[in-house]
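I opened this notebook to record what I looked up in the structure, entry by entry. The sequence and the model go in first.

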Number of protein chains: 2
Amino acid sequence: MTTPLLRVHNFAISLDGYGTGEGQSADAHFGHAGDRLHRWMFTTRWWQAGGSGGVDDAFVQRHDPGIGAEIMGAGKWGHPGWHEDPEWKGAWGPNPPFHTPVFVLTHHPRPSIEMEGGTTFHFLDASPADALEAAREAAGGRDVRLGGGPTVIREFLAAGLVDHMHVAVVPILLGRGVRLWDGLEGLEEDYRVEATSAPSGVTHVTFTRKG
Amino acid sequence: MTTPLLRVHNFAISLDGYGTGEGQSADAHFGHAGDRLHRWMFTTRWWQAGGSGGVDDAFVQRHDPGIGAEIMGAGKWGHPGWHEDPEWKGAWGPNPPFHTPVFVLTHHPRPSIEMEGGTTFHFLDASPADALEAAREAAGGRDVRLGGGPTVIREFLAAGLVDHMHVAVVPILLGRGVRLWDGLEGLEEDYRVEATSAPSGVTHVTFTRKG
């Protein structure tokens, strides 16, 4: 039996390293980036019938299989100030695309929220290691996905907890927002790193922890 | 007759965007980066007989043909403090690999230095546009290469002067040094951007100015 992994999938950044833009709000989940970090997904078979089944699709399809829980940051779950809105239930409508327990890391925990389709949001004010332990327990032997945003991924990388990471580098320069790579000097020493450029212009960079 | 271009070739950055490391000195031209940004060149046919003739070599070989002059920053020509050393003649020995006039942008101009092999160093305290005009005049109808470092390339990009740029993204995280991409939001709007990942792990990103 293999140990369950902590995996990052489809985490998109600009060429200058921003995982989200500036000015996040209820209407602009990625701030001034809009949908520009994620357009490469919209042309895949995973997103729409008749889409491409090429390398972008091969990567994007890895998002769900084998995953038993997700961990995400408060900045992914809601725009700044969501904790003052008791009705906020995340940015994905009544049936979020997770279909597993989701652990939201926040300094403003609230009671768990059960959504349609198998997604339950739990709220934790915990260290990366403690959050991972809780998510592993809920995942029932399957892997845990680390969903972002950039600050949370950076913290889990710095704590040495990430086993596999797929980053999609989009050929745009956002200029401002939240950067993924800050403070991670030498990260490549612990991983096999591969880069695969796609006809869409996106370069898929994978970090696989050395055995 | 086509207008001569301003071209950047083989400018290597880390995945986190640093074009040079921290702590540059006479013994460490790229600071703590050492030779890690440039190892991908050492295995090409261009560097050594019997090297690879693949995509890394195809890009690296574009460095010289058609070039009549180079512009470089003071930080490429010498480590911090070179201007206090009247004997400093650059980091490349008596026969530098340029073989054309080279214009060094500096606030500490000195008389021109003629080296072996056709390289002459000229020193200019000038704006990017004025430096380009001087280099174009010296290039005799051929293209001008913008040699770096990151600060100078950023300034010429911001001034809209660069026609073609080849950046080699190396899969390491330097964590500190001088970043290439700062303050260039939206640069991709003026260029066709392509990415090509190589078996070496390097991703070649090219910016070609829209016609």
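The entries below cover conventions, symmetry, one residue, one helix and the aromatic rings.

**Conventions.** I am working with a predicted model, in which local features need pLDDT of at least 70 and side-chain atom pairs count only at pLDDT 80 or more, while totals for chains, interfaces and linings use all residues. Residues are numbered from 1 along each chain as its sequence is written, chains are lettered from A and ligands numbered from 1 in the order in which they are written, and side-chain values use heavy atoms, with hydrogens and water left out.

**Symmetry.** I superposed the copies by least squares on the C-alpha atoms of residues with pLDDT of at least 70 in both, and found that chain B falls on chain A after a rotation of 180° with 0.0 Å of shift along the axis, at an RMSD of 0.0 Å. That is how a two-fold axis relates its copies. In chain B, the C-alpha nearest the axis belongs to Ser197(B), at 2.6 Å.

**Arg179(A).** I located this residue in strand S9 (residues 178-179) of chain A, where strands are DSSP runs of E with at least two residues, helices are runs of H or I with at least four, and both are numbered from the N terminus. Arg179(A) is buried at a relative accessible area of 17% (buried is under 20%, exposed over 50%, partly exposed in between, with a 1.4 Å probe and protein chains only). Setting aside neighbours within four places in sequence, I listed its contacts (heavy atoms within 4.5 Å), which include Tyr18(A) and Pro150(A), and also Arg179(B) and Asp182(B).

**Helix H4(A).** I noted that Ala131(A), Leu132(A), Ala135(A) and Ala139(A) are buried in this helix. Seen down the helix axis, the buried residues fall within an arc of 100°, so they line one face; the arc is taken from the directions from the axis to the C-beta atoms. On the other side, Glu133(A) and Glu137(A) are exposed. The helix is followed by Gly140(A), whose phi is positive, near 55°.

**Aromatic rings.** Rings of Phe, Tyr and Trp (its six-membered ring) pair if their centres lie within 6.5 Å, with planes under 30 degrees apart counted as stacked, over 60 as edge-to-face and the rest as tilted. I count 22 aromatic pairs over all chains. Trp77(B) and Trp82(B) make an edge-to-face pair, with 4.9 Å centre to centre and 85° between the planes, and both are buried.
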